Amino acid sequence: MKFFPGCMIHNRYPGIEKALYYVFEKLGIDISPLEGSSCCPAPSITRSVSSELWEELAQRNLKLADGETVITACNGCFTTLLEVSEKSGTGDVRHVAEFFYTEIGVEELKRYVEKRLPLKLAIHYGCHFFRPSKHKKFTSPERPKMLDELVEVFGAESVDYRYKFMCCGGGGGVRAGATEVSHDLLRRKMDGIVEADVDAIAVICPLCMNQFDNGQKELSELVGEDYGIPVIHYVQLLAIAMGMDVEDTGLERHAIVSHSFIEKLVKGEKVED
């Protein structure tokens, strides 16, 4: 199995990659980097300029896997590589969240948990995880439950909130090309999340993570809203629950750092044998 990190994880949130390798080692699944890979490229921006370039670069990345399954922790990379894979009949592409849910299973994952994390989490799936639905047949595009059930693996609670399934404003070229719209979408999401009184926002896409993480800083500067809610990728949470030191997950390099949240992650509740 080959891990495709994409641009955002390598350049913005390398702690996700470190956590992912930790989890796979714990599960006893062999995984290694997809050496020589490039940008996926992005499913919306690049394809809107040149669909031929978008497809050609994606095919190059798929061929580097030489027949092994390609797994990613980014919704955008997942969309590009999956769609091109299906169109060309080349390779097998998985997102780490649906792989854990479908291939490992919630009950089996619980066997590897060393520390329960009784947190209240605002789950954000991200648009590209379940859309276009004709390519993402593993879950409902209207009311997905996969991630809500995956956080229960380590004792966390998925809390409902207003606009839970609305776009965060980070993808589809919105953040890059329509900043005001991007900030408005984020502000609506954050207002709903604050009402839900959660410990953190849990995501499965580094682009969404960047929108919630650095976007909160931007909203603070633009409109004086200081939400201060930390954001974390699901694999970082799972790795901590499986025994990874919190400081190794890179949380203190995020734009929003909550020491009370980090203390909860460090403490947790030890699972007795």
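# Reading strands, core, rings and cysteines

Modeller: Let's start with a strand pairing: strand 6 runs parallel to strand 8 (residues 200–203), and four bridges join the two. Please keep in mind that this is a predicted model.

Colleague: Thanks! Which strand 8 residue is the bridge partner of Leu121?

Modeller: In strand 8, Leu121 has Ala200 as its bridge partner. Leu121 also has a partner in strand 7, namely Ser158. Strand 6 and strand 7 run parallel too, with two bridges joining them.

Colleague: Is strand 6 mostly buried or exposed?

Modeller: A general idea helps with any strand: in a regular one, side chains alternate between the two faces of the sheet. In this case, four of the five residues of strand 6 are buried, so the strand is largely enclosed by the rest of the structure.

Colleague: How should I read a sheet order, and what is the order in the open sheet of four strands?

Modeller: The order is 2-1-3-4, and the pairing is parallel. Strand 2 (32–33) and strand 4 (93–95) are the edge strands, each pairing on one side only. Inside the sheet, strand 1 (residues 2–3) pairs with strand 3 (residues 70–72) over two bridges, again in the parallel sense. If you want a residue to look at, Phe3 stands opposite Ile71 of strand 3.

Colleague: On to helices. How does the end-to-end distance of helix 2 agree with what its number of residues suggests?

Modeller: Helix 2 covers residues 14–27, which is 14 residues; at 1.5 Å a residue it should span 20 Å, and its end C-alpha atoms are indeed 20 Å apart.

Colleague: Which residues of helix 2 are buried?

Modeller: First the general idea: an α-helix has 3.6 residues a turn, so residues three or four places apart point the same way. In helix 2, the buried residues are Gly15, Ile16, Glu17, Ala19, Leu20, Val23, Phe24 and Leu27. Just past the helix comes Gly28, with a positive phi near 75 degrees.

Colleague: Which residues have the most contacts inside the largest nonpolar core?

Modeller: As a general point, nonpolar side chains in soluble globular proteins tend to be buried together. Here the largest nonpolar core has 86 residues, and Phe100, Phe154, Tyr234 and Leu265 have the most contacts inside it. Helix 13 (residues 234–241) gives the most to this core, contributing seven residues. Phe154 is a good one to click on: setting aside residues up to four places away in sequence, the residues it touches include Val113, Leu117 and Pro118. Tyr234, Leu237, Leu238 and Ala241 are also among the residues that Phe154 touches.

Colleague: And the aromatic rings: how many aromatic pairs does a search of the whole structure find?

Modeller: A pair of aromatic rings is described by the distance of the centres and the angle of the planes. The search finds eight aromatic pairs. One of them joins Tyr125 and Phe130, a tilted pair at 5.9 Å centre to centre and 55 degrees between the planes. Tyr125 is buried at 2% relative accessibility, and Phe130 is buried at 2% as well. Tyr125 also pairs with Phe165, this time stacked, with 6.1 Å between the centres and 25 degrees between the planes.

Colleague: Which parts does the pair of Tyr125 and Phe165 tie together?

Modeller: Tyr125 lies in the loop between strand 6 (120–124) and helix 8 (127–130), and Phe165 in the loop between strand 7 (157–158) and helix 10 (174–177), so their pair ties together parts 40 residues apart in sequence. Phe165 counts as partly exposed, at 28% relative accessibility. Ring pairs link Tyr125, Phe129, Phe130 and Phe165 into a cluster.

Colleague: Now cysteines. Why is Cys40 not bonded to Cys77?

Modeller: In general, a disulfide is a covalent bond between the sulfur atoms of two cysteines. The cut-off used here is 2.5 Å between the sulfurs. The closest cysteine sulfur to that of Cys40 is in Cys77, 4.0 Å away, which is too far for a bond. Cys74 is in no disulfide either, with the sulfur of Cys77 nearest at 3.6 Å. Cys40 is buried, at 5% relative accessible area, and Cys74 is buried at 7%. Across the whole structure, the search finds zero disulfides.

Colleague: One last residue: where does Glu225 lie?

Modeller: Glu225 lies in the loop between helix 12 (206–223) and strand 9 (231–233), and is partly exposed at 34% relative accessibility. Leaving aside neighbours within four places in sequence, Glu225 contacts Gln216, Leu219 and Ser220.

Definitions and conventions
Residues are numbered from 1 along each chain as its sequence is written. This is a predicted model: local features need pLDDT of at least 70, side-chain atom pairs count only at pLDDT 80 or more; totals for chains, interfaces and linings use all residues. Side-chain values use heavy atoms; hydrogens and water are left out. A nonpolar core is a set of buried Ala, Val, Leu, Ile, Met, Phe, Trp, Tyr and Cys residues joined through side-chain atoms within 4.5 Å. Buried means under 20% relative accessible area, exposed over 50%, partly exposed in between (1.4 Å probe, protein chains only). Contact means heavy atoms within 4.5 Å. The expected span of a helix is 1.5 Å times one less than its number of residues. Two strands pair if DSSP finds at least two bridges between them. Rings of Phe, Tyr and Trp (its six-membered ring) pair if their centres lie within 6.5 Å; planes under 30 degrees apart count as stacked, over 60 as edge-to-face and the rest as tilted.
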